[in-house]
Amino acid sequence: MKYLLTVFMLFSFFCMRINAQEVKAPRFGKGILNIVGKDSTWSMKFGTRMQLLGSAIWSEEDGNIGDANTNFLIRRARLKFDGFILDEKLTYKIEIGLSNRDISGASKYTNNTPRYIYDALVKWNFYKNFSLWVGQTKLPGNVERVTSSGNLQFVDRSLLNAEFNIDRDIGAQIRHHFNITPKFLIRDIFAFSQGEGRNVTVGNKGGYQYTGRIELLPFGAFKGNNEYQGSALNREEVPKLMIAASYDFNDDAIKTRSNMGSFMENDIGEYQTDISTLFIDAVFKYKGLSFLGEYADRNADDPIAKNSDGTATGDIVQVGNAVNLQAGYLFKNNWEVSTRYTNIDLDRSLTLKSTQNQYTLGVSKYIVGHKLKVQTDFSYLSVYENTNQLMARLQLEVHF
C-alpha cells in the first residue's frame, strides 16, 4: 500500500512539472488533472473517488429483533486514469482499487496478492461503428452491474447483482451499433474472455467464457449514456427506453457463480462444468421518473462438484433465478425517493438456500449529480423459513 501511495504522489508531481507547463485543474467532478501532450499525441485524465458507508443490521429470531450489528466502512476508494494514444480513436482506461473491500479476495489463483487492478483496457474504434476492446474490464452482463458503483440509484446494487453478476474478466470485446430508423438504435456486443474473473495469474484453468448482448433503444439514445446511470438526472425531455438481453456461456467453468464465487477444487485439481447465465433487462426514463427491471437465470450441466471417485466435494454451482425491479422520482431540487423489490430463488434442492425477498426504500440528495451525493436506504429482507433482517445504510460519495 505504501508503495502504491508513493508511486501516486511521484506521478502527480511529475505530471504537474511536465515541460514546466501550467496545469489548470478541471471543475469538480471532471477529474483532478487533465493533461494533453505538447504534440497532442496523448492525453491523460486522472481522477479519484471514495464512498464512506455506515450501516446497521437487525436480525429477527423467534419474532424478536436482536441488537444492531453496526459497521463503518471505506466502501470504495479508487484511482482512475483515461485518455487517448496517438489518435482519439485509440483510448485507454485504468482503474485501481485501494480500500480493503476493493482489493480483497487474494488466493493462489491471484498469486496470493491483493487484487488492486479493476480495469486495464485499450479501446480502438477501428472502423466506422465498430470498436475493439482488449484487456480487463466488465463483461456485458446485466445493466445494473455495468453501471458504475459511483452512479447507482441506491447505496449499493441489488441482491440479484450480488448473486448473479458476471463482473470483470480478461479478454477482448467487439462492440457495434447501428440504426434501423432515424431514432431506433441497436447496439450489439460480443466478448471472449478467460473465464476465471479479474486478476487471475495462473492462466486458464477451465475453458473460455463467451458473452453476447443486444440492446434495443426504440426512441433513440439516452442523453450522455444515462441508461447506465441511476436516477433521471438528465431529465429526458421525451420518453427513452432500452430493452436488452445478455447470454453468457462459461465453458468448463471452475467457480460456483461462473467467473465469480469460490473456486471448485477436488482431489485432482479443479472441478469443471459448463455454466450458462441469461439476463433480460429494461430501463425507462422520462423527466424525473426512472425505472429499471432485471431478470437473471443461471444453469449448469452438473452443478454438484465431485471428486474423481464421484463423491461430492461440498461445492455447488448456484443455479436458480432472480428478479429485480426498482423505480424512483427525482424532484426539481435534486432530492430523490426510490423503491426496490428483489427476489432471489435459487434451486433449494441443490443449494439448500431459501427464497429471499428484499424490499428497499431509498432517499438520495444529489449535490453535484453523482459526483457528490448523500444516499440512505432502508431494507427488509424476508427469508423463507429462516432469519429475517432489517438494514439501514447511509453513504457519502465524493468523485473528483
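**Two cavities and a run of paired strands**

Let me begin with the empty space: the structure holds two cavities of 30 Å³ or more. Please keep in mind throughout that this is a predicted model.

I will take the largest cavity to start with, which has a volume of about 180 Å³. Its lining is made up of 19 residues, and of these the closest to the centre are Q153, Q229, G230, L292 and Q326. If we ask which elements give two or more residues to that lining, they are α3, at 143-146, together with β16 and β17. The largest share comes from β17, which supplies three residues. As for the chemical character of the lining of the largest cavity, it divides into six nonpolar, seven polar and six charged residues.

Since β16 and β17 both appear in that lining, I would like to spend a moment on how these strands are paired. Strand β16 covers residues 273-286 and pairs in the antiparallel sense with strand β11, residues 240-253, over twelve bridges. Within that pairing, if you would like a position to look for on the screen, D248 stands opposite T277 of β16. Strand β16 is also joined to β17, residues 289-300, and here again the strands run antiparallel, with twelve bridges between them. In this second pairing, I280 stands opposite Y295, the latter being in β17. The strands β16 and β17 form a hairpin with two residues between them, and in that hairpin K287 takes a positive phi near 55°.

Now for the other cavity. What is the volume of the second largest cavity? The value is about 50 Å³. Its lining includes L121, W133, V134, G135, T137 and L139, and, further along the chain, D169, I170, G171, A172, Q173 and S193. The elements that give two or more residues here are β7, at 130-138, and β8, at 168-179. Which of the elements, then, gives the largest share of this lining? That is β8, with five residues. By class, the lining of the second largest cavity has six nonpolar and five polar residues, and one that is charged.

To set the cavities side by side before I stop: the lining of the largest cavity has six charged residues, whereas the lining of the second largest cavity has one. The largest share is given by β17 in the largest cavity, and by β8 in the second largest.

How values were computed: Residues are numbered from 1 along each chain as its sequence is written. This is a predicted model: local features need pLDDT of at least 70, side-chain atom pairs count only at pLDDT 80 or more; totals for chains, interfaces and linings use all residues. Side-chain values use heavy atoms; hydrogens and water are left out. Two strands pair if DSSP finds at least two bridges between them. Helices (H or I, at least four residues) and strands (E, at least two) are DSSP runs, numbered from the N terminus. On a 1 Å grid over the protein atoms alone, a cavity is a set of points where a 1.4 Å probe fits but cannot get out, and a pocket is an open set with protein on both sides within 12 Å along at least five of seven lines; lining residues have an atom within 4 Å of a point. Grid points are joined across faces, edges and corners, and a volume is the space filled by probe spheres set on the points. Ala, Val, Leu, Ile, Met, Phe, Trp, Tyr, Cys and Pro count as nonpolar, Asp, Glu, Lys and Arg as charged, and the others, Gly among them, as polar.
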